[in-house]
Every structure is written in C-alpha cells, then in structure tokens.
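The following paragraphs lead the reader through a single protein model, beginning with its open and enclosed spaces and ending with individual residues. Please keep the sequence and the structure in view while reading.

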Amino acid sequence: MDTILLFMLPAGLWAQDAGVAATTAAPDATAGALGELATGLNTVWMLLAAMLVFFMQPGFALVEAGFIRTKNTANVLMKNLVDFMFGSILFWFIGFGLMFGIGFLIFQTVFCATAATIVSGAMAERTKFSMYLVYTVFISVLIYPVSGHWTWGGGWLMNGDEGSFMMRTFGATFHDFAGSTVVHSVGAVSYTHLTLP
C-alpha cells in the first residue's frame, strides 16, 4: 500500500539533494503531498455523492408524472424543477447558515432539494403552483435546516456531554448516515401534514 502511494506523489518529491536537510524535508513534503491527495479524493467523492443524490430529482419527477393524469404532467415537472432552483438559492442564502454555518454546501443543497421534492408527489394535482412555492420556501429556509442542525450540525441530538438529554435518556447520541432519517423524516412529516384532511 505504501509503494502505491509513493507512485502517486509528484516526481519532484524524489528529486532531493543528499544530506541532512534533504532527509528532514522529505517527510514534511511527503506528509503535505499525502494531505493534498486526501483532500482531493475527499472532494471528488463528495461531488460524486452529491451528483448521485441530485439524480433523485429527475427520478421523483418521473415517478410523479407516472401517477398523475397526462394534463397535469407539465405542472408536476415544473414543480420539481423550480423547487430545486428556488430552494437551492434560499438554502444557500439562509438555510445553510442555520444548519451549519460552514461546510460542504453542494452536498447539503441536494439533500435539501430531495426533502422538498418528497412532498411534491403528495401535492400533485391538488395544489396551485404558487402554494407549492410557499411550501418550498418553508422547507428550504426553516424546516430542513433546523432538523438537520439537530442531527448533523451539533444540535441536541448530537450532544454527547454527560447530563445532556440524549446521554441521560438513551446513553448514546443519535446518528444519521446519509440522510436516512433527516431527509426522509422531513419529507414524510411534511407529506403527512399536507395530506391529512
């Protein structure tokens, strides 16, 4: 494994002068190069994962279009497009700051859009386009960022301090991997509230 990593390093790392200065500089340069490589690989992986989550948007659009009457297909497809565009801007402007403040924006943006789009199927053929935009504003600016902060942003569900609610009640903190609870629970709860009579 170490030899494979050495082949990934730039050739300039091996072109060192003999002597004490070269032997002390080599470990620093190697560690720096490995750190840059790890950062690059992490960034590529996050972009790939964000792209895969983004492709849930057209999937939702196609599923919803298949479950409604033909005359309403354009309306549903437009809802899915606009909730991503409009929701992304709002999440970038307000929601992301509430949720994290700093971090990898693109990954959380596609999760926010997915949470908003989950409900669009429940609202298909039942709401006006303008009311759907109102819902998208609330999901992107307040509902998803607050629930995401509780779990991923250092909120009360992540608080592992002795005497905190989670440690006192359950003896462990809450863990959510890849939005299985945060994204889908926001969509499900919103869906339930919108479809109940």
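A pocket, as the word is used here, is an open set of grid points with protein on both sides within 12 Å along at least five of seven lines, and its volume is the space filled by probe spheres set on the points. The model under discussion is predicted.

By that definition, the largest pocket has a volume of about 240 Å³. Its lining is made up of W45, M46, A49, L52, V53, F107, Q108, F111, W152, F177 and A178. Helix α2 (20-54) and helix α5 (105-118) each supply at least two residues of this lining, and α2 gives the most, with 5 residues. In terms of residue class, the lining of the largest pocket comprises 10 nonpolar residues, 1 polar residue and no charged residue.

The second largest pocket has a volume of about 200 Å³. The residues around this pocket are I143, V146, S147, W150, T151, L157, F174, T181, V182, S185, V186 and V189. Two or more of these lining residues come from each of α7 (129-151) and α9 (182-195). The largest share, 5 residues, belongs to α7. This second lining divides into 8 nonpolar and 4 polar residues, and again no charged residue is present.

Enclosed space is treated separately. A cavity is a set of points where a 1.4 Å probe fits but cannot get out. The model contains 1 cavity of 30 Å³ or more, and about 30 Å³ of space lies in the largest cavity. Its walls are formed by D83, F84, G87, S88, T109, C112, A113, A116 and S140. Helices α4 and α5 are the elements that give two or more residues to this lining. By class, the lining of the largest cavity has 4 nonpolar residues, 4 polar residues and 1 charged residue.

One residue of the cavity lining, T109, belongs to helix α5. Is T109 buried or exposed? T109 counts as buried because its relative accessibility is 8%, and the cut-off for that class is under 20%. The side chain of T109 reaches the backbone oxygen of L105 at a distance of 2.8 Å.

Helix α4, which also contributes to the cavity lining, merits attention for its geometry. What span would a straight helix of 27 residues have? At 1.5 Å a residue the expected value is 39 Å, whereas α4 (residues 73-99) spans only 34 Å between its end C-alpha atoms. The helix bends by about 55 degrees at F91. Following α4 is G101, whose phi is positive, near 95 degrees.

Within α4 lies F96. With a relative accessible area of 8%, F96 is therefore classed as buried. F96 and V141 are 45 residues apart along the chain, and their C-alpha atoms are separated by 8.1 Å.

A further backbone feature occurs at E125, in the loop between α6 (120-123) and α7. Most residues other than glycine have a negative phi. E125 is not a glycine, yet its phi is positive, at about 65 degrees. Because its relative accessibility is 34%, E125 counts as partly exposed; that class lies between the limits of 20% and 50%.

Conventions. Residues are numbered from 1 along each chain as its sequence is written. This is a predicted model: local features need pLDDT of at least 70, side-chain atom pairs count only at pLDDT 80 or more; totals for chains, interfaces and linings use all residues. Side-chain values use heavy atoms; hydrogens and water are left out. Helices (H or I, at least four residues) and strands (E, at least two) are DSSP runs, numbered from the N terminus. The expected span of a helix is 1.5 Å times one less than its number of residues. The bend at a residue is the angle between axes fitted to the seven residues ending there and the seven starting there. On a 1 Å grid over the protein atoms alone, a cavity is a set of points where a 1.4 Å probe fits but cannot get out, and a pocket is an open set with protein on both sides within 12 Å along at least five of seven lines; lining residues have an atom within 4 Å of a point. Ala, Val, Leu, Ile, Met, Phe, Trp, Tyr, Cys and Pro count as nonpolar, Asp, Glu, Lys and Arg as charged, and the others, Gly among them, as polar. Buried means under 20% relative accessible area, exposed over 50%, partly exposed in between (1.4 Å probe, protein chains only). A polar contact is a pair of N or O atoms within 3.5 Å; within protein, one must be able to donate a hydrogen and the other to accept it, and residues adjacent in sequence count only if both atoms are side-chain atoms.
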